[in-house]
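Q: I am new to protein structures, and I would like a close look at one part of this one. Please take me through it step by step, and explain the terms as we go.

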Amino acid sequence: MRLSGLNKVVFILAIGLGFTQCGSTHQDDPSPNAGSSSATNGHLVFFLSDSVEVHIPGHRSADGMALYNGEERIDLLPVNQTCYRVPVFDGTLCLDAQGMGVWTDVLRTVKDPYTIDIQWFDSNPMVQDKANWSSSETWRMSFGTEDPWFGDLVLQRSPSGLLQGTVETATGDFRYLHGTEKDHILSLQTFDGAHLFHFRANTSLKDSLIEGLFSSGSHYNTPFTAHLKTDSDVPLASGMEATWTELPIAYSAIGLNGDSTVWSWSNTDSVTHILSIMGSWCPNCMDEHRLLAGLMDKHTNVHVHTLAFERGLDRENGREMALNRLRAYSESMGLTRYPDRWHVNLVGPASKKQAQQLLPFLDRVVSFPTSLVLSPGADRPWIHSGFNGPATGVKYDLERARFAAAVSGSQESH
């Protein structure tokens, strides 16, 4: 099971990588003495290689499994006596009586199932020291040795050595990272059902991270270095916005019922339309859709058009498998609560280049997600590329404010 085909560009998007509600709720772990139906506290280990492991705390019960991905709680549902289903992204975690098993990632479109070995260990729940996180520190990261790419690692520390944060890029974030620093080794990880990331670095040099290794699943890794960010560091790449070509804003697609659909926008429409260019494999798209759902609850004149670009369309029965994925995504995300206002469509393959070709009203598609807000009477769309999710804190608050302003018509540009 490998998080297939992620290259540096996909990571810069994130994403997503993206790759959701899976969580953001905090609940007390059930008491181990609560009876036969009580949960067992522990942690799930993903074995990415002989030397790289991802540890995710959680608990198991007869009713399901909950994993705690930093600030995010992911509630998995039992498929049978040994397997659990991951929400939104539909992978499965299967464990035998000894707690050993595999994670199968159904988002991968490789010939053989993409799996990673896992093992459950009973243990005391991890204490998060929620009230004792220190102020943030930011590290400028450089990934790879040839044609490097960059991000900002934003961290908070607890007195006991726990860490939480995220990696911010020009077009999105890597979602919730959590881990530890011990004996001059920094270790961070995330698992949200699509992302399975691990970061390891040596902190023995002041203000530097050295000997860094970033791993994605069991298929990809690249070295990185980092230094504490200063005022002299240039901002992450700017100019990463799509623009309107002034061609008519329209699309041709396949609806969830399998029928072809054609839609075009007129600014004489009394409804506000949001076009969300996304993929069901994209965690950052999941985060954006949760924000859009909140806006729809507040604004009954808002319609969302999900324009999905899916993996595996070139495979046998690829279109039907993609539609099934989108139906499952819609159900898991609660989009079915808006049957006449949230329109989910399959447009094309998971390619930014082909997305632009199929949506020529944009000069380019910089990232998934990319969104357009089309307001009544407006002479042009409001366009936003990428998305900073809730793990980014202040930047997420800014995203919420931007979208709210665009929907209310009080914001004309990014």
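A: Helices (H or I, at least four residues) and strands (E, at least two) are DSSP runs, numbered from the N terminus. This is a predicted model, in which local features need pLDDT of at least 70 and side-chain atom pairs count only at pLDDT 80 or more, while totals for chains, interfaces and linings use all residues. Residues are numbered from 1 along each chain as its sequence is written, and side-chain values use heavy atoms, leaving out hydrogens and water.

Let's start at T203, in the loop that links strand 14 (196-202) with strand 15 (208-216). T203 has 12% relative accessibility, so this loop residue counts as buried (under 20% relative accessible area; exposed is over 50% and partly exposed lies in between, with a 1.4 Å probe and protein chains only). Leaving aside residues up to four places away in sequence, T203 touches E181, H184, I185, L186, S208 and L209, where contact means heavy atoms within 4.5 Å.

Now step back to the sheet around this loop. Strands 14 and 15 belong to a closed barrel of 8 strands, running 9-10-11-12-13-14-15-16 with antiparallel pairing. On average, neighbouring strands of this sheet are turned by 30° against each other, direction ignored (axes are lines fitted to C-alpha atoms, for helices over the stretch in contact, and angles run from 0 to 180 degrees between N-to-C directions). Strands of a sheet pair through backbone hydrogen bonds, either parallel or antiparallel.

For a closer view of such pairing, find strand 10 (residues 149-157) and strand 11 (residues 162-168), which pair in the antiparallel sense over 6 bridges; DSSP must find at least two bridges for two strands to pair. Across this pair, L155 stands opposite G165 in strand 11.

A helpful companion to T203 is Q119, found in strand 8 (residues 114-122). Q119 counts as buried because its relative accessibility is 18%. Its contacts, again without residues up to four places away in sequence, are H43, L44, V45, F47, Q98, G99 and M100. You can also look from Q119 to C94: these two are 25 residues apart along the chain, and 9.5 Å separates their C-alpha atoms.

Finally, compare these spots with a contact between helices. Helix 2 (residues 283-298) packs against helix 5 (residues 394-408) at an angle of about 45°, with the axes 11 Å apart. Here E288, L291, L292 and L295 of helix 2 meet Y396, E399, R400, F403, A404 and V407 of helix 5.
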